[in-house]
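Trainee: Got a few minutes to go through this one with me? I'd like to ask things as they come up.

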Amino acid sequence: MNRQNEDFIAGASQASEAPVWAEVGKSHPHESAVLHVTGEATYIDDIPELAQTLHAALGMSQQAHARIVAMDLTAVRAAAGVIAVFGAQDIPGVNDCGPILHDDPIFADQLVQYIGQPLFVVVADSHDAARRAARLAQVDYAPLPPILTPQAAHAAQSYVLPPLQLVRGSPADALASAPHTVSGTLHVGGQEQFYLEGQISYAIPTEDHGMHVHCSTQHPSEMQHLIANALGLSSHHVLVECRRMGGGFGGKESQSAIWACAASIAAKHLRRPVKLRADRDDDMMVTGKRHGFYYEYRVGFDQDGRILGAQVDMVSNAGYSADLSGPVATRAVCHFDNAYYLSDVDIRAFSGKTNTQSNTAFRGFGGPQGAIAIEYAIDEIARKLGRDPLDVRRLNFYGGNDSEGQGDQRNVTPYGQKVEDNVIAPLVEQLEASSDYRARRAAAVRFNATSPILKKGLALTPVKFGISFNLPHLNQAGALVHVYADGSVLVNHGGTEMGQGVNTKVAQVVAETLGISLRQVRCTATDTSKVANTSATAASTGSDLNGKAAQDAALQIRARLAQVAASHFGVAAADILFADDRVSPRVQSPRAQPAALPALSFATLAMQAYLARVQLWSDGYYATPGLHWDSATMTGRPFYYFSYGAAVSEVVIDTLTGEWKCLRADVLYDAGRSLNPAIDIGQVEGGFIQGMGWLTTEELCWNQDGKLTTHAPSTYKIPSVSDCPADFRVALFDNSNVEDSIHRSKAAGEPPLLLPFSVFFAIRDAIAAVGGAGARIDPPLRAPATPEAILDAIDAVRAAASTASTTSISH
C-alpha cells in the first residue's frame, strides 16, 4: 500500500471513530445458508460431469507391514467396465505426496506400511465398477513385524522425526524439592475428522499439458504443487479450484493429496476427465486422523497447589510417515501450559512411527493433546489436597502484568512469549458466577451422598490457545477485490470455505470497508490461478489472514474512489464518508452553492470512476507481524495473540453400565470484537460437541493385525443430537483484541475444541464420588471416556477404596 493510501486511511479512520452504520459485528447468515438447507450448494460431486468422464477407485494394502513380493492385477484389468490401472511405475513425475518430508508415496512400491495404503488406482466407466474391480488384485506379501501403538513405538525408539524438547528453569531440582508430587500415565485416543463430504477430486485435462482439478481441500496451493510434481510439470500447468467443502477439520489439509494426485495421474494418461470419490469406508481406511497421545508425567507442587515444577513425555501415534506430525508435536509442546504459568518445566515430544494410517491435522492441531495433560495433573493435585479444582486452577493462572506474583514475571510462557492480553481470570470469574458453579458443586456432593448408582460430576476448565501457524512464513495471505461499474463487488481470496463462514466474514469486511450492504458483495471459488502461493485454511487463521488481505485491497479501491468523490463534492478525500451504500462529504465544501450536493449512491460513484478511467480492482496482501520461532531452541513468538475461554459442564453417570449424560454446559468464549457473533457462537457450539466426541464416544480401534475396525459410522460413534447437553448456554466474552487483528476480532475455529475438557473432568469427578466421602481417589480414566473406560475407572476407584478401608481397619 502506498503512502498516499495510508494517509487517506488514517484520516478516514480518525474521522469515523463512532460510525452509525456497520456490516462487521452483525449476525449475518452464512453466505451459503439457503443453498445448504435447500440442497442447491454445489460440492465437487455435484459439478455436472463432462463428456467421457471416468471414475476411479484405489486398490489398498491388506497388510500392516510387509514387502510386496508380487502383485497380479490381471483380474482387475479384466473386470467389467475397467479402462485402465495405474501404479507407482506409471507416475510421470515423483511418487510422493508428503507435505514436508518425502516419505509419503502416492502408491506403495515394494513396501507397504499400513492396511489401507494405496497400491494402485483403477479407472472404470462407473464408480461402482472401479470400486469392485479394485478388490480383485492378487498381492503376495512377505509380512514384517508391525508396530501398532505409540507405547510400542517409544519402546522400540521408532520415530518419524527426531524428538523435541523444551526446558525452562531447573525442573529436576524443582521436582526434587517440591513438598508434594503427582505422577502417572495417560492415554488419549485419536479422532476421525468425519467430514460429511468425503475426499474427492475431479481432474480435467486441458490444453498444453494443463490440468484443472476440482478438489475438496483446505490447501489448494499445496495440491497444485504436489500434482505438478507427480505429473512432472510446473505449477503453472495446474489449476486447483475449490468452491466449498462439506467439512474439513484438518483432514483435507494434506491428506487430500493422495486423491488429487491419483485422479490427475489417471487423467493425464487417458486424456479424459477422471473423478476419484472415496466411499466412507475407503476414506477412513486410507486417511490419517487426529494423533493419539500417550503421556508419562510428574508434577511438583506446594501445600496450596501451586505448581513448582513439571516434567512430561508425550508420545504421539504419528502413523507410518511424518505428514504434519512435526508441527503437531510443536504445538502440543507450546500448549502444555494451557492457561498456567510453569516456572520450571521439561517437555519432551516424540512422534512415534507405527504401522497405521499417517496421522495428520485435526482441529486444534496438537494444542488439545498438549493442554489436556496439565489439566489431568491439576485435577489430581486438587484431589490430593482436598481442594476444589477450580481454586487450584485459578492459583496457577498466568499473571496479568510483569509485577504480579512474588516479584517474578508470571506472564511468560515456557517458550519465551510474553502473555500480554491475559483475560482468563476475569473470564473465569464471570463464568463461575453466571453458571452458579459453587452452589451446583455443593448440590452434586449432596446428590452423590444419597445416590448409590447414579453419580454427578461438575468441572470448570479454562482455555488459552495461541493463534498463528507455528511456521512464520505461512502467516500470509492475498486477495483480489473487483468493483464493477454497477457497484457490485466480487472478492477472491486464498482461504477455503468448509462451512466455517470465512467467505461470509471476508465479505463483511469488504462491505464495511467500502460502505456498502453485504448483499452487494460476493465471494468466488478459491482458485490457484487467481491468488497464488496461499497457505492452508487452518490454524484458526482463515478470517484473520484473508480478512486483512481483502481489507487491504478494498482500502486501495476506496482511496481511489474517494479521490473521485472529493472532486465531485469539492472537499478533501479524507472528508469522504462511505456508509450505507452511499458516498457523501463529512463537511460541506465552501463552494457548495446555493445548497449542498446530494449524496451519491455507491453504484453511481463506481460508474463515475469507470468513466474517469480509475482502476476499480486491486490485489491485497497481508503478513502477520512480529512472529519468529527458533525450532532448535523451541523459543520465540510463534503466536500473534491468544484466544481464551472456559466451560462448566455437569454430568451424571450410571455406575452399573458406564453410561453418562451431559446435563448442562455453560460456555464463555473470547472472540474479541466478533466479526459475526452468530457464526462465532456456532463455531463454539460445534467445537464443543466435536471435542466432547473426541473425549467420550469416538474410539478408534485397530485389531492385532493392524486393521482399523472402526471404519464406518456403524462402528465409529460421533456425537448425535441426543448426546448434546439439554441445557447448553454459550456466550461471547466482551473483549477487544490487543493486537491489530481484523477489526480487533479473535479466531473461533480451533480453541473451542478444548472447552469440553470440562465434560471429561466432570465424568472423572463423578467417578471419584464412587470412592466415598471426600472423593479423594484419582480415577485412572483414559480418553475417550467410553462406558467401558468409565467402568474400568470405577472398578479401580472401588478397589483403591477397599484397600484403603482394609488398611485403615488393620491399623
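Trainee: Let's start with Cys724. Is Cys724 buried or exposed, or in between?
Mentor: In between: Cys724 counts as partly exposed, at 26% relative accessibility. Keep in mind that this is a predicted model.

Trainee: And how many disulfides does the structure hold?
Mentor: Zero. Cys724 is in no disulfide, and the nearest cysteine sulfur, that of Cys662, sits 9.2 Å away. A disulfide needs the two sulfur atoms within 2.5 Å, so that distance rules the pair out.

Trainee: What about Cys701, then? How accessible is that residue?
Mentor: Cys701 is partly exposed, with a relative accessible area of 27%.

Trainee: Switching to sheets. What order do the strands take in the eight-stranded one?
Mentor: The order is S3-S5-S1-S12-S9-S10-S11-S20, in an open sheet with mixed pairing. Strand S3 (82–87) and strand S20 (526–527) are the edges, each pairing on one side only.

Trainee: How does S20 connect to S11?
Mentor: Through two bridges, with S11 (residues 238–242) and S20 running antiparallel. If you want a spot to look at, Cys242 stands opposite Thr526 in S20.

Trainee: While I'm in that region, which side chain does Asp527 meet in a salt bridge?
Mentor: That of Lys530, at 3.1 Å from N to O. Asp527 is buried, with a relative accessible area of 7%, while Lys530 is partly exposed at 43%.

Trainee: How many salt bridges are there in total?
Mentor: The count comes to 37. Take Glu375 and Arg393 as one example: their closest N and O atoms are 2.7 Å apart. Glu375 belongs to helix H11 (residues 367–385) and Arg393 to helix H12 (residues 389–396), with the two positions 18 residues apart in the numbering.

Trainee: Why do we call both of those residues buried?
Mentor: Because buried means under 20% relative accessible area. Glu375 has 0% and Arg393 has 1%.

Trainee: Which pair is 210 residues apart?
Mentor: Glu650 and Arg440. Glu650 is in strand S27 (residues 641–654), and Arg440 is in helix H14. Their side chains meet in a salt bridge at 3.0 Å, N to O, and both residues are buried.

Trainee: Arg440 puts us in H14. Where does Asp436 lie relative to that helix?
Mentor: Asp436 is in the loop between helix H13 (424–434) and helix H14 (437–450). Check the backbone there: Asp436 has a positive phi of about 55°, although it is not a glycine. At 44% relative accessibility, Asp436 counts as partly exposed.

Trainee: Where is His209, and what's its phi?
Mentor: His209 has a positive phi of about 70°, and it isn't a glycine either. Look for His209 in the loop between strand S9 (200–205) and strand S10 (211–215). His209 is partly exposed, with a relative accessible area of 49%.

Trainee: Staying with the backbone, which peptide bond is cis?
Mentor: The one from Ala783 to Pro784, with omega near 5°. Pro784 lies in the loop between helix H19 (757–768) and helix H20 (787–810).

Trainee: New topic: what span does helix H18 reach?
Mentor: H18 (residues 677–696) reaches 28 Å from its first C-alpha to its last. That is close to the 28 Å expected for its 20 residues at 1.5 Å a residue.

Trainee: And is H18 mostly covered or mostly open?
Mentor: Mostly covered, as 14 of its 20 residues are buried.

Trainee: Last one, on the surface. Which residues form the nonpolar patch with about 260 Å² of accessible area?
Mentor: Ile453, Leu454 and Leu656, and that area is for the three together. Leu454 lies in strand S16 (residues 454–467). Leu454 is partly exposed, with a relative accessible area of 37%.

Trainee: Why can Leu454 count towards a patch if it's just partly exposed?
Mentor: Because the patch cut-off is over 30% relative accessible area, and Leu454 has 37%.

Methods: Residues numbered from 1 in each chain as written. Predicted model: local features only at pLDDT ≥ 70, side-chain atom pairs only at ≥ 80, totals over all residues. Heavy atoms only, no water. Patch = residues over 30% accessible without salt bridge, like charges linked within 9 Å, V, L, I, M, F, W, Y side chains within 5 Å. Areas by Shrake-Rupley, 256 points an atom, 1.4 Å probe, with all protein chains shown as cover. Salt bridge = Lys/Arg side-chain N within 4 Å of Asp/Glu carboxyl O. Helix = DSSP H or I, 4+ residues; strand = E, 2+ residues; numbered from the N terminus. Buried < 20%, exposed > 50% of the residue type's maximum accessible area, 1.4 Å probe, protein only. Expected span 1.5 Å × (residues − 1). Pairing = 2+ DSSP bridges.
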